[in-house]
Amino acid sequence: MDALTINFAPVLQITDEQFFQLCQINELIRFERNADGTLLLMPLVGGLTSNRNANLTAQLGVWNRDQSIGIAFGSSVGFILPNGAVRSPDASWLKRDRWDSLTQEQKEKFPPVCPDFVVELRFDTDCLIRLQNKMQEYGNNGARLGWLIDLETRQVEIYRSGRDVELLQSPTSLSGEDILSGFVLNFEDIW
């Protein structure tokens, strides 16, 4: 089952603070908010899917710990993008100076910033077009590098700022390029 969209806009405008509280109160529901204010409710994932996501996040986190040039995030953070959408990538990374420019309150809630690097994992129930649009949205809001990893077809779409999307078939590894210098994602535990 893909995401369910709910439109409260005709009767209710939800502020950033109200959306944050809604997510806290309903902690077992995965929410995102579109730029137009509609809400997306996404189903919880199964064990295998969660394990793949954990392996991806672990690799990014271990690399980042050794580099300390940025902050790595797992799939449960929400970022308020410049266009007003609130997105929760499966894994993401933000340069340390951009993180340090946020207030403590902004860090504790949904940071009002677009990550420099984002990863979305596509599972068999996810709508490819919705995820491709999401990747474009990240790029339009400041992400410099993004990977859309399709676990069913073993394809990776690479999104780079100002460039066409590159498609790779069954890579064994993927470089973080100059955005995440020295980071290499090993797909052994992802596929």
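Let me start with L12, which counts as partly exposed because its relative accessibility is 43%, where partly exposed lies between buried, under 20% relative accessible area, and exposed, over 50%, with a 1.4 Å probe and protein chains only. This is a predicted model, in which local features need pLDDT of at least 70 and side-chain atom pairs count only at pLDDT 80 or more, while totals for chains, interfaces and linings use all residues. Residues are numbered from 1 along each chain as its sequence is written, and side-chain values use heavy atoms, with hydrogens and water left out.

L12 sits in the loop between β1 (4-6) and α1 (16-25); helices (H or I, at least four residues) and strands (E, at least two) are DSSP runs, numbered from the N terminus.

Turning to the interior, the largest nonpolar core has 23 residues, of which W147, I149 and L180 touch the most other members; such a core is a set of buried Ala, Val, Leu, Ile, Met, Phe, Trp, Tyr and Cys residues joined through side-chain atoms within 4.5 Å. Two or more residues each come from α2 (47-67), β7, β8 (117-122), β9 (145-150) and β10 (155-160). Another core, of 18 residues, lies apart from it, and V77, L81, V113 and Y138 are among its members.

Finally, the backbone. Most residues other than glycine have a negative phi. R154, however, though not a glycine, has a positive phi of about 60 degrees, and R154 lies in the loop between β9 and β10. S170, also not a glycine, has a positive phi near 50 degrees, and is placed in the loop between β11 (166-169) and β12 (173-175).
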